[in-house]
Amino acid sequence: MEPAMQGKMFTILMGLAGLFIVHVNGETSLPLDHQKLISDGRYHDQMQKMQAFKHSLLTRRQLATPPISSSPAPAPQAMLQPTGSRPRVYQVTSYGADPTGKVDSTEALLKAIADAFNGPSEGFLMKGITNLGGAHINLQGGNYLISKPLRLPAAGAGNLMISGGTLTASDDFPTDGYLIDLSASSSSSSSYNYEYITIKDLMLDCKFRGGGISVINSLRTSIDNCYITHFNTEGISVQNGHETYIRNSFLGQHITAGGDPGERKFSGTAINLMGNDNAVTDVVIFSAAIGVMVSGQANTLSGVHCYNKATGFGGTGIYLKLPSLTQTRIVNCYLDYTGIVAEDPVQLTISSCFFLGDAFILLKSVNGLAKGINIVDNMFAGSDKGIEIVQLDQSKGPFKKIDQVVVDRNNVEGMNLKATAARGSAQGNGTSWTVDFSPVLLFPNLINHVQYSLSSSGTKFPSHALRNVSQNRVVIESDIAVAARVFVMVEQGSTS
């Protein structure tokens, strides 16, 4: 090897060796006599000595480093940390909860919830509502058997989440209870029990022993991505309070995808809204006697698919049971072989919905009031059995006060169209023309607005007039006989 090449290799090796030794220890350099040996060309011996030197350094460092303890980490609740710095995620298995569902985990789960309530807080939300700072009860993907409702320990708290697992009712779970119960076990200075409680990513199996979730007098509650089944009362019950948002969830008393041989026996209510200002969005209800029961004001239903129990079997998709004060908006929903019932509706909008399998809308008279109703831009599909898309139940008395009712612009396939506005025509040679709107108009014997035109191709110019609108039949008469055609537009919607 050329001397110049050997010198270059020696220089490179010296640089690498120096960097390597500094990285390993950082406090020792090569002796001067070693440098002299390298410069003389005896690099093979020098490299062997460097490797031995490196090995001695590593051995010395290992001996100086204490061994890693093999003892288990302390449980989260046992860690000694300043109160304000403790994590707010409460892992339920750390409290002894059994994620296999074989052992009752009720007390362990309640202890985790109690610790979350007693943990650090961040001031207040609404007056009297302590801000728990986003405390999280993490179910860790387990399936937990519980024998009594998981009830929050005290009223007057908020900003808490329960998520990430399955809760299953035991064989002795109370049949009038709910797996998760947001009712107050004690009073607070706030007008609401809780605020901003989030229940998310859960499966609740009620085992036909009660209900799924009860929300009582709470504010801004969120129920998101939940699967609730086998309830014998209600899947979700909302009482008083307001702004409970239920979204992206699935509810059914029996696990089925339609056509269940036991459908006639389905019972219970999937969602019961007995409060104001709530929303149900993007929810599927696949088995229950009633899909959504609404008895509170100013609620919104959007993207709800009900095939809970066919109307022919006695089921109802959405039942609005708040006569004279409905204030409900139902938009972009899918009523699948089950319909909508509204008692004495006042301020009701049903729009952009799809009704399949002869599903229809029933307006039920209680005190004879129908006011501020818009049933527009919906699709109806049936089986050519003559089912009307909108029907009246006047078994308790007729609708006497009708105002601002619009049923129009709906399209129909295999069902009978009903509306509060219609158009028709009649042609003949004579002095009288009749257009019968009774098959189309919703309310019997009610026409309060008529527009018509009479077209005649003859040389005569007859005088003509509207003569009668009784029984929803429009009669036009002229003073002389002519060959003519009349075009008529009528509207209902008001008894005044």
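Two strands pair if DSSP finds at least two bridges between them. The exercises below apply this idea to a predicted model.

**Exercise 1. Determine which strands pair with β13, and in which sense.**

Solution.
Step 1. Strand β13 spans residues 290-294.
Step 2. On one side of the search, strand β11 (residues 269-276) is joined to β13 over four bridges, in the parallel sense. Because at least two bridges are required, these strands count as a pair.
Step 3. Strand β16 (residues 316-320) is also joined to β13 by four bridges, and these strands run parallel.
Step 4. Individual residues can now be matched. Methionine 293 in β13 stands opposite asparagine 272, and methionine 293 also stands opposite tyrosine 319 in β16.
Step 5. As for cover, five of the five residues of β13 are buried, and the strand is described as mostly covered.

**Exercise 2. Explain why strand β9 is described as largely enclosed, and identify its partners.**

Solution.
Step 1. A residue is buried when its relative accessible area is under 20%.
Step 2. In strand β9 (residues 219-229), eight of the eleven residues are buried, so the strand is largely enclosed by the rest of the structure.
Step 3. β7 pairs with β9 in the parallel sense over eight bridges. Strand β10 (residues 234-252) is likewise joined to β9 by eight bridges and runs parallel with it.
Step 4. Leucine 219 of β9 is the bridge partner of glutamate 195, and leucine 219 stands opposite histidine 242 in β10.

**Exercise 3. Locate the residues phenylalanine 208 and aspartate 282, and classify each as buried, partly exposed or exposed.**

Solution.
Step 1. Phenylalanine 208 is not a glycine, yet its phi is positive, at about 60 degrees. Aspartate 282, also a residue other than glycine, has a positive phi near 55 degrees.
Step 2. Phenylalanine 208 lies in the loop between β7 (194-205) and β8 (210-216), while aspartate 282 lies in strand β12 (residues 279-287).
Step 3. Partly exposed residues fall between the limits of 20% and 50%. Phenylalanine 208 is partly exposed because its relative accessible area is 38%. Aspartate 282, with 43%, is therefore partly exposed.

**Exercise 4. Describe the nonpolar surface patch that includes Met126.**

Solution.
Step 1. The patch is formed by Leu125, Met126 and Tyr196, which together have about 250 Å² of accessible area.
Step 2. Methionine 126 is placed in the loop between α4 (106-118) and β2 (130-138).
Step 3. Methionine 126 has a relative accessibility of 32%, so it counts as partly exposed.

Methods
Residues numbered from 1 in each chain as written. Predicted model: local features only at pLDDT ≥ 70, side-chain atom pairs only at ≥ 80, totals over all residues. Heavy atoms only, no water. Patch = residues over 30% accessible without salt bridge, like charges linked within 9 Å, V, L, I, M, F, W, Y side chains within 5 Å. Areas by Shrake-Rupley, 256 points an atom, 1.4 Å probe, with all protein chains shown as cover. Salt bridge = Lys/Arg side-chain N within 4 Å of Asp/Glu carboxyl O. Helix = DSSP H or I, 4+ residues; strand = E, 2+ residues; numbered from the N terminus. Buried < 20%, exposed > 50% of the residue type's maximum accessible area, 1.4 Å probe, protein only.
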